Amino acid sequence: MATVTVEVNGRPYAVGCADGQEERVRILAKQFDNQVRQVAQDVGHVGDLRLFLMSALILADELHEARLNGGGAPAPAGDAAPTRDGVAEALNAVAARIEKIAQSI
């Protein structure tokens, strides 16, 4: 098992992963860091735990919406792949909801 040190919101975290998956963990951590920083910019610093939770919920919502709209999960055999427009629409809808949530906070 490998260990990778990633940075989220300016703090280092050691993360265990399977050998050979180090770069993927770094990429995923960078994406999460970007989300955390966006939430922090939108709502201010409310503590790492709360920022992480809010970011995780936003990302989970995006994944849920993408799956509902045909993206994010492998299509069953014989089904057409989701279109880019369908995924883009889902992400735009999620972005609009996130903006509403950020404004209410």
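A polar contact here is a pair of N or O atoms within 3.5 Å; within protein, one must be able to donate a hydrogen and the other to accept it, and residues adjacent in sequence count only if both atoms are side-chain atoms. Keep that in mind for aspartate 48, whose side chain makes a polar contact of 3.1 Å with that of arginine 11. Before going further, a word on the ground rules. This is a predicted model, in which local features need pLDDT of at least 70 and side-chain atom pairs count only at pLDDT 80 or more, while totals for chains, interfaces and linings use all residues. Residues are numbered from 1 along each chain as its sequence is written, and side-chain values use heavy atoms, with hydrogens and water left out.

Let's start with the overall layout. The protein chain has three helices and two strands, and from the N terminus on they run β-β-α-α-α. Helices (H or I, at least four residues) and strands (E, at least two) are DSSP runs, numbered from the N terminus. Of the 105 residues in the protein chain, 25% are buried; buried means under 20% relative accessible area, exposed over 50%, and partly exposed in between (1.4 Å probe, protein chains only). As for contacts (heavy atoms within 4.5 Å), take those in the protein chain between residues at least 6 apart in sequence: 36% of them join residues at least 24 apart.

Now walk along the strands. In a regular strand the side chains alternate between the two faces of the sheet. You can see this in β1, residues 2-8: Ala2, Val4, Val6 and Val8 point to one face and are buried, whereas Thr3, Thr5 and Glu7 point to the other and are not. β1 runs antiparallel to β2 (residues 11-17), with seven bridges joining the two; strands count as paired if DSSP finds at least two bridges between them. Across the pairing, valine 6 stands opposite tyrosine 13 in β2. The two strands make a hairpin with two residues between them, and asparagine 9 in the turn has a positive phi of about 55°.

Next, the inside. A nonpolar core is a set of buried Ala, Val, Leu, Ile, Met, Phe, Trp, Tyr and Cys residues joined through side-chain atoms within 4.5 Å. The largest one has eight residues: Val8, Val36, Val39, Ala40, Val43, Leu51, Met54 and Ile58. Helices α1 (22-43) and α2 (48-68) each supply at least two residues of this core, and α1 gives the most, with four. There is also a second, separate core of six residues, including Ala2, Val4, Val6 and Val25. Back in the largest core, alanine 40 touches His45 and Leu51, if you leave aside its neighbours within four places in sequence.

What about the aromatics? Rings of Phe, Tyr and Trp (its six-membered ring) pair if their centres lie within 6.5 Å; planes under 30 degrees apart count as stacked, over 60 as edge-to-face and the rest as tilted. The structure holds two such pairs. In one of them, phenylalanine 32 and phenylalanine 52 have ring centres 5.5 Å apart and planes at 75°, so the pair is edge-to-face. Phenylalanine 32 sits in helix α1 and phenylalanine 52 in helix α2, so this pair ties together parts 20 residues apart in sequence. Tyr13 joins Phe32 and Phe52 in one aromatic cluster.

On to the charges. A salt bridge is a side-chain nitrogen of Lys or Arg within 4 Å of a carboxyl oxygen of Asp or Glu, and the whole structure has four. One of them links arginine 37 to glutamate 7, with the closest N and O atoms 4.0 Å apart. Arginine 37 lies in helix α1 and glutamate 7 in strand β1, so the pair ties together parts 30 residues apart in sequence. Both ends are partly exposed: arginine 37 has a relative accessible area of 39% and glutamate 7 one of 48%.

Arginine 37 also forms a salt bridge with aspartate 33, the closest N and O atoms being 3.0 Å apart. Those two are four residues apart in helix α1, so about one helical turn separates them. Aspartate 33 is buried, with a relative accessible area of 4%. Glu7, Asp33 and Arg37 are thus linked in a network of salt bridges.

That brings us back to aspartate 48, which forms a salt bridge with arginine 11 (3.1 Å, N to O). Aspartate 48 lies in helix α2 and arginine 11 in strand β2, so the pair ties together parts 37 residues apart in sequence. Aspartate 48 counts as buried at 13% relative accessibility, while arginine 11, at 47%, counts as partly exposed. Leaving aside neighbours within four places in sequence, aspartate 48 is in contact with Asn9, Arg11 and Tyr13.
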